Amino acid sequence: MTENASVNGRRGSEKIVVRDASGRWFFQGYLISDLAWRNKVVAEGGGGRLRWTDMQLYRATDPTKPFKYVLQTTSKSIVYHRADGACPHGLRQTVEKLLRNRDRYEALRPCPECLPGVDAHHLDSLEESAAVNVEQDRPTLYKCRTIEQVIDSLRGRDGTIVGLGLGLLDEAAENDPDIERALAMERPL
Ligand SMILES: [Zn+2]
């Protein structure tokens, strides 16, 4: 069993909504691996991380679709920068706009490079009309016909799979017998 209550292949398929840069997409399937909760635990434990990647792997159940797995990765950031362009990152947003999403606002942290030594409550000291450049979440989707394609999607530029991807596959193997078999199989190098 996995520690993540939301991962449960036995509950059957449902409408899943995923995202990429072009918008929101849906398909029928179920979640077989989810690393977002670990990131949440680290963040809430005061892990101090400013950027991380969330990953979810879904099994797709519509036989008319040409894919069997959907991998959602999301580069997440809670960093904001000075609005004068000292760092070339982020989307310019006013404090007033940011306050409309209170949870997000509370989570934001100043960039250590362009706002060195500034404490976590810096945003509170700004006028509502002031602007900062806020890094945005970057979702990416991979539609995969086979588990091999999922594995290839998890490889970095040097071809290796790093910790996060390994964790995702471990959990997926626990919840999906096809993945467990694929990972146990001997394959030519
Ligand atoms: Zn910066």
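Two strands are taken to pair if DSSP finds at least two bridges between them. In the predicted model examined here, this criterion is met by β1 (residues 14–20) and β2, which run antiparallel and are joined by seven bridges. Within this pairing, Glu14 has Gly29 of β2 as its bridge partner. The connection from β1 to β2 is a hairpin through two residues. Strand β2 also pairs with β3, again in the antiparallel sense, over five bridges; here Ser33 is found opposite Leu57 of β3.

These strands belong to a protein with six helices and nine strands. Of its 189 residues, 21% count as buried. Among contacts between residues at least 6 apart in sequence, 68% join residues at least 24 apart.

Helix α5 was examined in further detail. The helix comprises 13 residues (residues 163–175), for which a rise of 1.5 Å a residue predicts a span of 18 Å; the end C-alpha atoms lie 19 Å apart, in agreement with that value. Buried positions in α5 are Gly165, Leu168, Leu169, Glu171, Ala172 and Asn175. Viewed down the helix axis, these buried residues fall within an arc of 165° and therefore line one face of α5. On the other side of the helix, Gly163 and Leu166 are exposed. The cover over the buried residues of α5 includes β2 (23–34) and β3 (51–60), together with α6 (177–184). Strands β2 and β3, which pair with each other, are thus both among the elements that cover the buried residues of α5.

How values were computed:
Residues numbered from 1 in each chain as written. Predicted model: local features only at pLDDT ≥ 70, side-chain atom pairs only at ≥ 80, totals over all residues. Helix = DSSP H or I, 4+ residues; strand = E, 2+ residues; numbered from the N terminus. Expected span 1.5 Å × (residues − 1). Buried ≥ 20, exposed ≤ 12 C-beta atoms within 10 Å, placed from the backbone. Arc of directions from axis to C-beta. Contact = placed C-beta atoms within 7 Å.
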